[in-house]
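Let's take a walk through this structure together. Have the sequence handy as you look.

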Amino acid sequence: MARLRTVAVVAGAALLVRRALRRRIQAAPLWPLPALDEPVSGRPRSRALRLLVTAHEEVADGVVRLRLEGHDLPRWEPGAHLDLALPSGLVRQYSLCGDPADTSSYTVATRLVEDGRGGSREVHEQVREGMELEVRGPRNRFPLVEAPAYVFVAGGIGITPVLPMLRALPEGADWRLLYGGRTRASMPFLEDVEKLDAGRGRVTVVAEDEDGRPDLDALFADLPEDTAVYCCGPEGLMAAVEERVPRVRLERFAPRASAEGGAFEVELRRSGRVLAVPADSSVLAAVRKELPDTLYSCEQGFCGTCQQRVLEGEVDHRDELLTDAERDDSMLICVSRARGDRLVLDM
């Protein structure tokens, strides 16, 4: 009887915690945050929200899923991602992998990167249920297009933007998925993917410890020209797919390896300063020596915090964020460079 009473007490406590979280969601203000919402080059950024972490759970070896709840959240489409401002101030980007029709919550997942820059470790070890996080977005540079047929290639955590795409495809759509990982236990949402296939043979799962590396040549043999090809995963996998299918649509979780660039100079028109940017440094580093209050965050070309208006000069864009229209007159100074020997910025 004592044991039963203990179980009942624990269950009751868990219920109270869930109810408390729900009450906090109802009371949680979703206000714009000035540090994130200041306009960049005359354009307002996406509105920042404060959302409540209501679930933090391991869904595969080294992978945790977060559920972030709020009110009347901006809608999103498959392929979209969020910017998460972590407690330390780091900003990281994660693909949305929940239900686009759910306007009360967002779901993201992240793999622990042992030798990374600290963001994934913070999500795994410091983010907890009941904590509020600032988010910005959603944004989508990896949209699902209409096509007569689809081929998806996902490596490990790269399944996160692909899973909502598979769910969104109409019944009877012609699609195939190659899903690879180091081990089956390390592959998140594997069971969800296999359920979507329902035994029709459209999904190929390749666990390297059992099967070796995936056969990309066989996957893309005799591929019709109008097939839409999507890939997300480690850089090596995406490079291998792009080599075989140059028209592939890619989603990166880390910046593309930058090609070497020469030295150039940057004029800050409003400040009246001309700066030298060495070949082994960035515009951001040069600017912050003169203007230390210049805003920045990810330093990888993902978050948009350092976006600046370009008045003159041709830009070598190396970011993973700006649209073609935005690239006409602005750049992310953390990663992008000059194609020539001079740029003029509205700073």
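Here is a short tour, starting with one helix and moving outwards.

Keep in mind that this is a predicted model. Begin at helix α5, which covers residues 190–197. L190, V193 and D197 are buried there. Seen down the axis of α5, these buried residues fall within an arc of 65 degrees, so they line one face of the helix. The spacing fits a general pattern: an α-helix has 3.6 residues a turn, so residues three or four places apart point the same way. On the face turned away from the buried side of α5, you'll find the exposed residues E191 and K195. Right after the helix comes A198, with a positive phi near 55 degrees.

So what do the buried residues of α5 pack against? They pack against α4 (159–168), β8 (175–181) and β9 (203–207).

That brings us to the largest nonpolar core, which has 27 residues. Within this core, F152, I159, W175, L177 and Y179 touch the most other members. Two or more residues each come from β7, α4, β8, α5, β9 and β10, and α4 gives the largest share, with 5 residues. Take L177 as an example: leaving aside neighbours within four places in sequence, its contacts include F152, I159, V193 and V203. Apart from this core lies another one of 24 residues, among them L268, V277, I333 and V335.

Finally, look at strand β14, residues 307–312. β14 runs antiparallel to β16 and is joined to that strand by 3 bridges, with Q308 standing opposite M331. β14 also runs antiparallel to β18, with 2 bridges between them; here V310 has L345 as its bridge partner.

How values were computed:
Residues are numbered from 1 along each chain as its sequence is written. This is a predicted model: local features need pLDDT of at least 70, side-chain atom pairs count only at pLDDT 80 or more; totals for chains, interfaces and linings use all residues. Side-chain values use heavy atoms; hydrogens and water are left out. Two strands pair if DSSP finds at least two bridges between them. Helices (H or I, at least four residues) and strands (E, at least two) are DSSP runs, numbered from the N terminus. Buried means under 20% relative accessible area, exposed over 50%, partly exposed in between (1.4 Å probe, protein chains only). The arc is that of the directions from the helix axis to the C-beta atoms. Contact means heavy atoms within 4.5 Å. A nonpolar core is a set of buried Ala, Val, Leu, Ile, Met, Phe, Trp, Tyr and Cys residues joined through side-chain atoms within 4.5 Å.
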